[in-house]
Amino acid sequence: MKSDAISYPPRGLTREEAARYIGVGTTLFDEMVADGRMPKPKRINSRAVWDRVALDIAFTSLPDKGSGLQELLERSKRDRERRR
């Protein structure tokens, strides 16, 4: 494979990589996929591959514990809607 001069993160992640990406173990990750907190994988032939962008969206949607991020996102959305 030819080397790429531009460095970028992979878009598709294995189960283990996806779990590590969001900061949990594979058992908890499997539970989160099963209950809908994390997305189901895409299928590429027989491989299960998680979309990094979908993981980012799902992770952002998780409830915050006092960080204020969710409130900030909601306030920003309300402000955008008012400006329309």
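In which loop is K40 found? In this predicted model, K40 lies in the loop that runs between helix α2, spanning residues 26–34, and strand β2. The residue is exposed, its relative accessible area being 62%, and, once residues up to four places away in sequence are set aside, K40 touches V33 and W50. The C-alpha atom of K40 is separated by 9.6 Å from that of L55, a residue 15 places away along the chain.

The overall architecture of the chain comprises four helices and three strands, which follow one another from the N terminus in the order β-α-α-β-β-α-α. The radius of gyration of the chain is 16 Å, whereas the globule rule gives 12 Å for 84 residues, so the chain is more spread out than a compact globule. Along the principal axes, the C-alpha atoms fill a box of roughly 50 × 35 × 20 Å. Of the 84 residues in the chain, 18% are buried, and the chain exposes about 6900 Å² of surface, with carbon and sulfur atoms supplying 53% of that area. When contacts between residues at least 6 apart in sequence are considered, 40% of them join residues at least 24 apart.

The region around the first strand was examined through T14, which is found in the loop between β1 (residues 12–13) and α1 (residues 15–22). T14 is partly exposed, with a relative accessible area of 23%, and it touches R47 and W50 when residues up to four places away in sequence are not counted. W50 is thus a contact of T14, and W50 is also touched by K40 from the loop between α2 and β2. A further spatial relation of T14 concerns P41, which is 27 residues away along the chain, the C-alpha atoms of the two residues being separated by 8.9 Å.

The loop between β2 (residues 42–44) and β3 (residues 47–51) contains N45, a residue that is exposed, with a relative accessible area of 78%. The backbone of N45 is notable for its phi angle, which is near 55° and is therefore a positive value in a residue other than glycine. Most residues other than glycine have a negative phi.

Charged side chains were considered next. The chain carries 18 positive and 13 negative charges, and the mean positions of the two sets are 4 Å apart. A search of the whole structure finds five salt bridges. One of them joins the side chains of R15 and E16, with a nitrogen-to-oxygen distance of 3.4 Å; R15 is partly exposed, with a relative accessible area of 28%, and E16 is likewise partly exposed, with a value of 42%. Another salt bridge is formed by D35 and R37, whose closest N and O atoms are 2.9 Å apart. In this pair, D35 has a relative accessible area of 45% and is classed as partly exposed, and R37 is partly exposed as well, at 37%.

Helix α4, which covers residues 69–83, holds the salt-bridge partners R82 and D79. The closest N and O atoms of this pair are 2.4 Å apart, and, because the two residues are three positions apart in the helix, they are separated by about one helical turn. R82 is exposed, with a relative accessible area of 63%, whereas D79 is partly exposed, at 26%. Salt bridges that share partners also join R15, E16 and D30 into one network.

Helix α4 is also the place of R75, which is partly exposed, with a relative accessible area of 38%. R75 and T60 are 15 residues apart in sequence, and their C-alpha atoms are 15 Å apart in space.

Definitions and conventions:
Residues are numbered from 1 along each chain as its sequence is written. This is a predicted model: local features need pLDDT of at least 70, side-chain atom pairs count only at pLDDT 80 or more; totals for chains, interfaces and linings use all residues. Side-chain values use heavy atoms; hydrogens and water are left out. The radius of gyration is taken over C-alpha atoms; the globule rule is 2.2 Å times the number of residues to the power 0.38. Buried means under 20% relative accessible area, exposed over 50%, partly exposed in between (1.4 Å probe, protein chains only). Contact means heavy atoms within 4.5 Å. Accessible areas come from the Shrake-Rupley method with a 1.4 Å probe; for residues, only the protein chains shown count as cover. Lys and Arg count as positive and Asp and Glu as negative; His and the chain ends are not counted. The place of a charge is taken as NZ of Lys, CZ of Arg, CG of Asp or CD of Glu. A salt bridge is a side-chain nitrogen of Lys or Arg within 4 Å of a carboxyl oxygen of Asp or Glu.
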